[in-house]
Amino acid sequence: MGGLDPLEIWIKFKTTANEIGYFHFGADLNNNFTKYFFVKGQEPVSVYGDDLLLSKNNYLIRKIEKKFKKKPSYKNVTISEEEFEDLEKEIREQKN
């Protein structure tokens with residue numbers, strides 16, 4: 001079977017307002033998608049569009065967090081907001 005293997009990227013980040021979030025990007029030969037998940041904390045979290053706001057005890061958040069704890073291929077990195085916006089813009093452009 002030819003073609004590209006599916007691609008999946010998870011990014012854990014903290015906003016300047018100390019909101020914890022996850023960015024999920026997935027792609028295969030037929031389509032790609034992006035999704036933001038935010039963890040409900042003590043401070044209000046702003047979500048837009050299809051973003052999800054979930055409790056830190058939510059099953060999905062616990063499952064996502066496990067990806068960052070047990071897989072050595074996952075790394076926490078810090079990028080500036082400008083670099084993140086550039087990355088997001090590039091992904092959107094490739095999607096269209």
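**Close-up views of a predicted model**

**View 1. Four strands make an open sheet in this predicted model.** The strand order across the sheet is β1-β2-β3-β4, and the pairing is mixed. Strands β1 (7-14) and β4 (52-55) stand at the edges; each has a single partner strand, so one side of each is left without a neighbour in the sheet. From one strand to the next, the twist averages 25°.

**View 2. Strands β3 and β4 run parallel.** Four bridges join β3 to β4. One residue to look for here is Lys40, whose bridge partner in β4 is Ser55.

**View 3. The rings of Phe23 and Tyr36 form one of the aromatic pairs.** The structure holds five aromatic pairs. The ring centres of Phe23 and Tyr36 are 4.9 Å apart and the planes meet at 50°, so this pair is tilted. The pair links distant parts of the chain, with Phe23 in strand β2 (residues 20-27) and Tyr36 in strand β3 (residues 32-40), 13 residues apart. Phe23 has a relative accessibility of 3% and therefore counts as buried. Tyr36, at 13% relative accessibility, also counts as buried, because the cut-off for buried is under 20%.

**View 4. The rings of Tyr36 and Phe38 are stacked.** These two residues form an aromatic pair with 6.3 Å from centre to centre and 15° between the planes. The pair counts as stacked because the planes are under 30 degrees apart. Phe38 has a relative accessibility of 7%, so Phe38 counts as buried.

**View 5. Four aromatic residues belong to a cluster.** The members are Phe13, Phe23, Tyr36 and Phe38, and ring pairs link them. Two of the pairs have been shown above: Phe23 with Tyr36, which is tilted, and Tyr36 with Phe38, which is stacked.

**View 6. Lys35 lies in strand β3.** Leaving aside residues up to four places away in sequence, Lys35 touches Tyr22, Phe23, His24, Asp50 and Leu52. A polar atom of the Lys35 side chain lies 2.4 Å from the backbone oxygen of Asp50. Lys35 and Asp51 are 16 residues apart in sequence, while their C-alpha atoms are 6.4 Å apart in space.

**View 7. The whole protein holds two helices and four strands.** Along the sequence, the pattern reads β-β-β-β-α-α. The protein has 96 residues, and 25% of them count as buried. Among contacts between residues at least 6 apart in sequence, 29% join residues at least 24 apart.

**View 8. Confidence in the prediction is given as pLDDT for the protein and its elements.** The average pLDDT of the protein is 77, and 78% of the residues score at least 70. Confidence is highest in β2, at 86, the strand that holds Phe23. The lowest confidence is in helix α2 (residues 81-95), with a mean of 76.

Conventions:
Residues are numbered from 1 along each chain as its sequence is written. This is a predicted model: local features need pLDDT of at least 70, side-chain atom pairs count only at pLDDT 80 or more; totals for chains, interfaces and linings use all residues. Side-chain values use heavy atoms; hydrogens and water are left out. Rings of Phe, Tyr and Trp (its six-membered ring) pair if their centres lie within 6.5 Å; planes under 30 degrees apart count as stacked, over 60 as edge-to-face and the rest as tilted. Buried means under 20% relative accessible area, exposed over 50%, partly exposed in between (1.4 Å probe, protein chains only). pLDDT is the predictor's confidence in each residue, from 0 to 100. Two strands pair if DSSP finds at least two bridges between them. Axes are lines fitted to C-alpha atoms, for helices over the stretch in contact, and angles run from 0 to 180 degrees between N-to-C directions. Contact means heavy atoms within 4.5 Å. A polar contact is a pair of N or O atoms within 3.5 Å; within protein, one must be able to donate a hydrogen and the other to accept it, and residues adjacent in sequence count only if both atoms are side-chain atoms.
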